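Thanks for coming. I will keep this short and walk through one chain, starting from the inside and working out to the pockets.

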Amino acid sequence: MAKSPVLGRVKRRLASEVGDVAALRFYRASLAHTLQRLAGYSCWHTLIAVSPDRDLDARFWPRNVARIPQGRGDLGSRMQRLFARMPPGPVVIVGSDIPALSSRHVAKAFALLGDTDAVLGPAPDGGYWLIGLKRIPKLLRPFTGVRWSGPHALADTLANLEGKRVALAPLLSDVDTGMDLKRIRVSGRLIAGAGLSRTDG
């Protein structure tokens, strides 16, 4: 899932601390980094779920990766829609601002879905950076009543999955604040174009 990389639209909390230009530079580099690591693998098909929908055909998206609109609604509504519209088989959704994300994380998530109904990748702030659903024998609905953008998103989603087989992926962080950005610089997990070195995390 990705927001259009346009000044003033992305990483607003980060922008309030480091400025719109620096936040946009980070986001564009992170998005490119994510697509470089995930697109082109024969074992899965990578799509960019675009928000807002009107930017689906904008020139800034890479032409070699297919795009679909996220549609309206809160984050849960948009993710549920994505899970519902994909062809048969397991589906994994990831964010576009996770510096440590690698293809190995996605491959592991798909592997875990072989024995579970769902997989989630927890984040230190109480949210999550990945969710995958097997989608058989029916599509689960884990997003009802989830409190987004706070410390309860993971717990609320897990509560909705009570009684189902759920696996957890490794703990990874996104970048929401200036301190987050400083931390990944110190750890060396930054991306070309945002002062980051390349690492598989």
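This is a predicted model. I begin with helix 4, whose buried residues pack against helix 2, strand 4, strand 5, strand 6 and strand 7 (166-168). The buried positions in helix 4 are Ser103, His105, Val106, Ala109 and Leu112. As general background, an α-helix has 3.6 residues a turn, so residues three or four places apart point the same way.

Next, the strands that this helix packs on. Strand 4 is covered on both faces, with Val91 and Ile93 buried on one side and Val92 and Val94 buried on the other. Strand 4 pairs with strand 6 in the antiparallel sense, through four bridges. Within strand 6, leucine 130 is the residue opposite valine 94. How many of the six residues of strand 6 are buried? Six of the six are, by the count here.

Strand 6 also pairs with strand 5, again in the antiparallel sense, over five bridges. One residue pair to look at is alanine 118 with its bridge partner in strand 6, leucine 133. Five residues lie between the strands in the hairpin of strand 5 and strand 6, and glycine 126 there has a positive phi near 95°.

Now a separate topic, the open sheet. Three strands make up this sheet, in the order 1-2-3, and the pairing is parallel. Strand 1 and strand 3 (66-69) are at the edges with a single partner strand each, so each has one side without a neighbour in the sheet. Strand 1 is joined to strand 2 by two bridges, and lysine 3 is opposite serine 51 of strand 2.

On to the cores. In soluble globular proteins, nonpolar side chains tend to be buried together. Here the largest nonpolar core has 21 residues, and those touching the most other members are Met79, Phe83, Ile93, Tyr128, Ile131, Phe143 and Trp148. Helix 3, strand 4, strand 5 (118-122), strand 6 and helix 5 (153-160) each give two or more residues to this core. Apart from this core lies another, of 17 residues, which include Leu38, Trp44, Leu113 and Ala167.

Which residues does tryptophan 148 contact, leaving aside its neighbours within four places in sequence? They are Asp74, Leu75, Gly76, Met79, Tyr128, Phe143 and Ala153.

Last, the pockets. The largest pocket holds about 1,000 Å³ of space. Its lining has 34 residues, with Leu75, Asp97, Ser149, Asp174 and Asp176 the closest to the centre. Two or more lining residues come from each of strand 1 (2-3), helix 1 (12-18), helix 3 (75-85), strand 4 (91-94) and strand 6 (128-133). Strand 6 gives the largest share, four residues. By class, this lining has 18 nonpolar, six polar and 10 charged residues.

The second largest pocket holds about 570 Å³. Of its 27 lining residues, His45, Thr46, Leu47, Val92 and Ile93 lie nearest the centre. At least two lining residues each come from helix 2 (20-38), strand 2 (47-51), strand 4 and helix 4 (103-112). What does the lining of the second largest pocket have by class? There are 21 nonpolar and six polar residues, and no charged residues.

To tie two parts together, Ile93 is in the largest nonpolar core and also lies among the residues nearest the centre of the second largest pocket. That is all I have.

How values were computed:
Residues numbered from 1 in each chain as written. Predicted model: local features only at pLDDT ≥ 70, side-chain atom pairs only at ≥ 80, totals over all residues. Heavy atoms only, no water. 1 Å grid on protein atoms, 1.4 Å probe; cavity = no way out; pocket = protein on both sides within 12 Å on 5 of 7 lines; lining within 4 Å. Points joined across faces, edges and corners; volume = space filled by probe spheres on them. Nonpolar A, V, L, I, M, F, W, Y, C, P; charged D, E, K, R; others polar. Pairing = 2+ DSSP bridges. Core = buried A, V, L, I, M, F, W, Y, C linked by side-chain atoms within 4.5 Å. Buried < 20%, exposed > 50% of the residue type's maximum accessible area, 1.4 Å probe, protein only. Contact = heavy atoms within 4.5 Å.
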